Amino acid sequence: MKTIATPAPAHRLLPPGTAWPLQPFDFHAPTRIVFGPGTLNRLGELARELGDTRVLLVTDPGLEEAGHPQRAMQSLRDAGLEVFLFDAVEQNPTSAHVEAGVEFARPLNIDLIVSVGGGSAMDCAKGINFILTNGGTMADYKGFGKAQKPMLPSIGVPTTAGTGSEAQSYALIADEQTHMKMACGDRKAAFHVAILDPEVTVSQPARVTAITGIDALSHALESYVTSKRNQLSQMFAREAWKLLAVNLERVLKEPGELEARGAMQVGAVLAGTAIENSMLGACHACANPLTAHYGITHGLAIGILLPHVVRFNAAAVAPLYHDLAADSGFIDLEQNGHEATAAEHLARRIVDLMRVADLPTTLADCGVSAGILPVLADEASQQWTARFNPRPVSHGDLLGLYQAAM
Ligand SMILES: [Fe+2]
């Protein structure tokens, strides 16, 4: 009797208990990204395409000297839109800044929100959008997907290359009382369009370029290795890293170099997209309490902590750090391309960049006292980003990271 061979199944199932090799993901890119020198001048045309006519422009007063809000307003008006300016945004916006924006906008019958500024202005604009359209307070939107009603269309024009907020559906708003940041996310909160005009970032003060650039670099580095990393998020994080690692020093040394400025902007938006899909890690968890207690600028706290977090995580993700160190030319694969040393090269490179930027490299330099470290470790352990760190972090580990950074 003739035996008929059973064909191999088209999709072979892995044996029970085997880890699935691909991390599940739910990738969604809600933001149209328009990049290039001079693209701020297209703001009116792009706003017009969204079909709206009454614009709330959210910005911070520090930008007026550089003329960016005025250019934005002109472009919107030239396109026939009516513009209402809200410029009472401050660094690390709180729920009170958002409330002030909502109070300003409520009687104006706004149908489009435009934000021109850094992460603070963009997050504040998203916060205003939540409350203006869905009511309540910012605390009601902590977490993800809590807005039940539609939100207004919005456009983000980042004037720094840092937060990547222009590519994210989260608004980071600090609680007015505790100053702890609340991450309030919803797909509807993401900007419909992000305009990346490198000419706009040239006017940043050197310190802002450095601090926001270090923050962007950390976004690529942290999101590449998180426990939630997946093929797509890693693709964005790695490309971001390649651009940021090489160009940060260039913009620090040659602030007027437009090509490097553009590379930083693209790197920041790619890193922002990576965060949206894989979150962040222990460095961001440790940075937030420092900002809340001491007012240390986010990117500065990040730059001080990042080398220590990289060294701590090396035990879990050394091959991934090796990818990044090799990509950026920080290690010579022929000479010292061992996985075991890649993390140390990355850590030292971050410290070097902080020094090039003339930034402090220890917490003691920033006035942090040793006595508060256990309190900071308590708060860091409650930060949602801590849970995505590739190596689980206990309270003792977080305390150790702060102590190392002292
Ligand atoms: Fe950050």
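**Buried contacts, metal site and salt bridges**

A polar atom of the Asp186 side chain lies 3.1 Å from the backbone nitrogen of Ala147. The model in which this pair is found is a predicted one. Asp186 is located in the loop between β8 and β9, and with a relative accessible area of 3% this residue is buried. When neighbours within four places in sequence are left aside, the residues in contact with Asp186 are Phe130, Phe144, Gly145, Lys146, Ala147 and Ser169. Ala147 is thus found both in this list of contacts and in the pairing of its backbone nitrogen with the Asp186 side chain.

The loop between β8 (181–185) and β9 (193–196) also holds Arg187. A salt bridge joins Arg187 to Asp26, with 3.5 Å between the closest N and O atoms. Asp26 belongs to the segment before β1 (32–35), and the two partners are 161 residues apart, so that the pair links distant parts of the chain. Asp26 is exposed, its relative accessible area being 56%, whereas Arg187 is partly exposed at 34%.

At the level of the whole protein, two domains are assigned: domain 1 spans residues 32–201 and domain 2 spans residues 206–405. Their C-alpha centres are 26 Å apart. To the contact between them, domain 1 contributes 26 residues and domain 2 contributes 28 residues.

An iron ion is bound through four protein donor atoms, namely OD of Asp215 and NE2 of His219, His284 and His298, at distances of 2.1 to 2.2 Å. Along the chain, these donors follow the spacing D-x3-H-x64-H-x13-H. Asp215 is part of helix α6 (residues 206–225) and His284 is part of helix α9 (residues 282–294); the pair therefore ties together parts that are 69 residues apart in sequence. Asp215 and His284 are both buried. The angles subtended by the four donor atoms around the iron ion range from 85 to 169 degrees. The arrangement is irregular because a tetrahedral assignment would need all angles to lie between 85 and 135 degrees, and the range found here extends to 169 degrees.

Salt bridges were then considered across the model, and their count comes to 15. One of them joins Lys253 and Glu249, whose closest N and O atoms are 2.6 Å apart. Both residues lie in helix α7 (residues 231–253), and because they are four residues apart, about one helical turn separates them. The two partners fall into separate accessibility classes: Lys253 is exposed, with a relative accessible area of 53%, while Glu249 counts as buried at 17%.

A further salt bridge is formed by Glu259 and Arg250, with 3.9 Å between the closest N and O atoms. Glu259 counts as exposed at 61% relative accessibility, and Arg250 counts as partly exposed at 28%. Elsewhere, Arg238, Asp323 and Asp327 are joined into one network by salt bridges that share partners.

Technical notes:
Residues numbered from 1 in each chain as written. Predicted model: local features only at pLDDT ≥ 70, side-chain atom pairs only at ≥ 80, totals over all residues. Heavy atoms only, no water. Salt bridge = Lys/Arg side-chain N within 4 Å of Asp/Glu carboxyl O. Helix = DSSP H or I, 4+ residues; strand = E, 2+ residues; numbered from the N terminus. Buried < 20%, exposed > 50% of the residue type's maximum accessible area, 1.4 Å probe, protein only. Polar contact = N/O pair within 3.5 Å; in protein donor to acceptor, adjacent residues only side chain to side chain. Contact = heavy atoms within 4.5 Å. Donors = N, O, S within 2.8 Å, 3.2 Å for Na, K, Ca; no water. Tetrahedral: all angles 85-135°; square planar, octahedral: opposite > 155°, others 65-115°. Domains from an automatic or database assignment.
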